[in-house]
Amino acid sequence: MVRSPRPYSPLAGPGAQSLTERRKAATQLDIARAACELFAEHGPDGTTAEDIAHRAGVALRTFYRYFRNKQEAVGPLLAGGGDAWRALLAEEDPGTPLDEALERAVTRSLTDLQAVEEGLEVTRGLLRAAATDEALRAVWYRVNQDSEERLVPVIARLAGEDADPLGVRLLAAAATDAIRIALELWSTTEAPVSGPGSPAELAVRCLRELTSGMPLLHGHPARAASQRSDS
């Protein structure tokens, strides 16, 4: 069975999910696992929504309650990686150099034992399938867009209230694309999940290339805002 690299869990505090919400999330994840298994076994063309529902142990109408088509069913699994790395970045203290915080969170999320053993190989298989399936690629791009938008407030908190909003948005886009590009490149190879050529190594390389000229990463977070006002 394919397991989620980052299983959904109840939230603590006032924003905690209700029991109904947790059950819905669990059902979505069961369907996503089934879709991943069947795509790996038969490819998207050889898999139907009925097949996925049967493998997940749910009625077809339940499948369509959560997903419009078979490709969208993998969304919860693909989104799990982004959820994990944003959570790791959110653990960093405000004032921590952003380049260090980003690289640390990216590396931790892509070398975590559970992610390595479960999530990365699942992602590799899905990205290979997406190369010939436009609808599956659309899900992948949408998941990344959602992740980028959710990353903005995390970076803004770390950067400080004086940080240039444009710089924050650009950094969120660059960090998201660094991971996306790394995973896409890695999925086309037989490189291992750790060490040279691994997602973690490629992601850090991409991150450094994409952010090397960003003022937000070089000096005080307010520098970008002051540069903007002086121009």
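**A tour of the second largest pocket and its chain**

Begin at the second largest pocket of this predicted model, where about 280 Å³ of space lies. To find the place in your viewer, select Gly75, Pro76, Ala79, Asp146 and Arg150, which are the closest to the centre of the pocket among the 16 residues that line it.

Next, colour helix H4, which runs over residues 75-90, and helix H7, which runs over residues 134-159, since these are the elements that give two or more residues to the lining of the second largest pocket. Keep H4 highlighted for a moment, as this helix supplies the largest share of that lining, namely six residues.

Which classes of residue make up the lining of the second largest pocket? If you now colour the lining by class, you will find six nonpolar residues, four polar residues and six charged residues.

Now zoom out and show the whole chain as a cartoon, in which you can follow ten helices and zero strands. Traced along the sequence, the pattern reads α-α-α-α-α-α-α-α-α-α.

With the whole chain still selected, switch to a surface view, where the accessible surface comes to about 11,900 Å², and 52% of that area belongs to carbon and sulfur atoms. Turning to what lies beneath, note that buried residues make up 47% of the 231 residues in the chain.

As a last stop, display the contacts between residues that are at least 6 apart in sequence, and consider that 67% of these contacts join residues at least 24 apart.

Terms used. Residues numbered from 1 in each chain as written. Predicted model: local features only at pLDDT ≥ 70, side-chain atom pairs only at ≥ 80, totals over all residues. Heavy atoms only, no water. 1 Å grid on protein atoms, 1.4 Å probe; cavity = no way out; pocket = protein on both sides within 12 Å on 5 of 7 lines; lining within 4 Å. Points joined across faces, edges and corners; volume = space filled by probe spheres on them. Helix = DSSP H or I, 4+ residues; strand = E, 2+ residues; numbered from the N terminus. Nonpolar A, V, L, I, M, F, W, Y, C, P; charged D, E, K, R; others polar. Buried < 20%, exposed > 50% of the residue type's maximum accessible area, 1.4 Å probe, protein only. Contact = heavy atoms within 4.5 Å. Areas by Shrake-Rupley, 256 points an atom, 1.4 Å probe, with all protein chains shown as cover.
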